[in-house]
Amino acid sequence: MATFPRHRLAAVALAAAGALLVTSGCGSDDAASDGKITLTVDVFGQFGYEQLYQEYMDANPGVKIVERGTGGNLDEYSPKLTQWLAAGKGAGDVVAIEEGLMVEYKANPDNFVNLLDHDAAGLKGNFLEWKWNQGLTADGQKLIGLGTDVGGMAICYRTDLFAKAGLPTDREEVSKLWPTWEDYIAVGERFKAQNTGASFLDAATNTFNTIVLQTAGNASGYHYYDTSENLVVDSNPAVRQAWDTTMKIINAGLSGKYGSWSEEWVSAFKQAKFATIACPAWMTGVIEGYAGPEAKGKWDIARVPGDGGNWGGSHLAVPAQSKHQEEAIKLVKFLTSPQGHIGAFKAKGPLPSSPQALDDPAITEASNAYFSDAPVGKIFGTGAKTLKPVYMGPKNQAVRTEVENAVRTVELGQRSPDQGWQDAVNNAKKAAAK
């Protein structure tokens with residue numbers, strides 16, 4: 001899944017997803033008190049695996065599965081996982097790796113079980129080619145993770161707020177309002193003029209991330225790092241174009257200025273304080289969880305401005321330190337099977353990276369009652385096989401954080417757009433050099 005800083009950045013969970021065990025750094029026990037093997041699964045956000053865990057345990061009565069999670073904050077999850085891997089203890093038997101961090105973890109492949117040594121090569125056809133390749137080391141000799149979801153992009157919007165502003169509410173009519181990001185801004189200005197008491201969008205950082213990934217995917221195929229792993233924040237037109245567009249959004253006063261994953265952001269869902277949000281497939285589960293049952297039928301989904309885009313996606317890996325490697329590998333294969341992808345989509349909305357799952361009626365004919373019966377299978381699934389991935393370099397997450405921090409300072413009125421851009425470039429270089 002993503003984070004919507006994946007944050008997959010990802011992406012994302014309710015408090016009920018479970019608290020991360022941060023005390024002793026202990027991983028799984030050798031056996032549960034009832035004599036079962038306990039497999040610990042470390043994730044960030046909601047992957048939608050609860051029912052799948054139960055199905056697996058029913059079919060494998062000697063196994064107990066415990067999931068640990070930190071909500072949606074990848075910035076909390078990743079350092080803890082890195083610490084556990086370096087210490088050689090503490091990580092779960094199965095761990096989620098967000099796409100933006102995969103390059104970093106592949107730099108030390110011995111920290112993970114090579115799934116190619118466990119008959120995973122025959123599963124290649126179960127994944128989009130680029131998704132499979134993301135889990136491979138550069139020499140193609142080791143596979144450290146099997147793919148979960150991909151992002152897909154749309155805009156989720158509140159129909160009640162659109163109606164209050166005198167805007168269309170039908171998803172097809174709404175989609176026609178914004179073929180480009182400039183049109184999206186124009187619609188936002190119309191919305192703002194009606195003084196609904198809500199902002200047009202939640203946060204400039206979320207919109208920036210959507211635009212930069214879309215723009216890069218449709219151009220060079222990379223954003224912060226090129227494919228030779230050179231930092232190109234200040235020379236890649238895709239990054240500057242996304243920055244400039246986001247500055248127009250900020251200058252137009254369209255953002256609610258809610259920091260992603262902050263308490264204020266979560267409360268804004270519940271209080272209907274913004275009308276639109278950049279919405280990869282996994283975000284639908286976030287919205288439903290945070291906006292609550294009382295908002296059912298008040299949300300819908302329209303196409304994203306511009307041309308497609310992909311935000312988010314993860315892999316599942318087995319740390320070499322796991323004491324139950326064979327059982328963990330079996331679980332990873334189950335969760336990332338086509339049926340596992342379908343089960344996760346039904347539960348929380350993450351879009352499969354499995355071609356077989358994408359073609360299954362369970363996906364193609366899927367609708368979401370919470371989002372006014374939007375045909376989510378068609379909205380997110382159409383074009384999923386031709387999604388254009390964006391290369392993520394070795395310090396992608398650290399660099400991304402600095403760039404988005406700079407966006408945030410402009411959004412809060414602390415820096416001018418030009419000052420913010422210089423901060424983004426300078427701080428990104430410092431982060432990449434660490």
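1. Contact here means heavy atoms within 4.5 Å. Keep that cut-off in mind for the helices that lie across strands. The model is predicted.

2. Start with helix 2, residues 74–87. Helix 2 lies across strand 1, strand 2 and strand 3. Strand 3 spans 94–98, and helix 2 runs at about 125° to strand 3.

3. Those strands belong to a bigger arrangement. Six strands form an open sheet, and their order is 2-1-3-9-4-10. The pairing in this sheet is mixed. Why is one side of strand 2 and of strand 10 left without a neighbour in the sheet? Strand 2 (63–69) and strand 10 (351–352) stand at the edges with a single partner strand each, so one side of each has no neighbour there.

4. Look at the pairing of strand 1 with strand 2. Strand 1 covers residues 37–43 and runs parallel to strand 2. Seven bridges join the two. To find one of these on the model, go to Ile 37: the bridge partner of Ile 37 in strand 2 is Val 63.

5. Now turn to another sheet. Four strands form an open sheet in the order 6-7-5-8, again with mixed pairing. Strand 6 (199–201) and strand 8 (299–302) are at the edges. Each has a single partner strand, so one side of each is left without a neighbour in the sheet. From one strand to the next, the twist averages 20°.

6. Within this sheet, strand 5 (residues 155–158) pairs with strand 7 (residues 274–278). The sense is antiparallel, over three bridges. Which residue of strand 7 is the bridge partner of Tyr 157? The partner is Thr 276.

7. A helix lies across these strands too. Helix 10, residues 263–270, lies across strand 5, strand 7 and strand 8. Helix 10 runs at about 120° to strand 7.

8. Next, the aromatic rings. How many aromatic pairs does a search of the whole structure find? The search finds 29. One pair is Tyr 105 with Phe 112, which is edge-to-face. The ring centres are 6.2 Å apart, with 85° between the planes. Both Tyr 105 and Phe 112 are buried.

9. Rings also link up into a cluster. Ring pairs join Tyr 258, Trp 261, Trp 265, Phe 269, Phe 274, Tyr 290, Trp 299, Tyr 370 and Phe 371.

10. Finally, a charge and a ring. The charged end of Arg 240 sits over the ring of Trp 421. The distance to the ring centre is 4.7 Å.

Note on methods. Residues are numbered from 1 along each chain as its sequence is written. This is a predicted model: local features need pLDDT of at least 70, side-chain atom pairs count only at pLDDT 80 or more; totals for chains, interfaces and linings use all residues. Side-chain values use heavy atoms; hydrogens and water are left out. Two strands pair if DSSP finds at least two bridges between them. Axes are lines fitted to C-alpha atoms, for helices over the stretch in contact, and angles run from 0 to 180 degrees between N-to-C directions. Rings of Phe, Tyr and Trp (its six-membered ring) pair if their centres lie within 6.5 Å; planes under 30 degrees apart count as stacked, over 60 as edge-to-face and the rest as tilted. Buried means under 20% relative accessible area, exposed over 50%, partly exposed in between (1.4 Å probe, protein chains only). A charge sits over a ring if NZ of Lys or CZ of Arg is within 6 Å of the ring centre and within 35 degrees of the ring normal.
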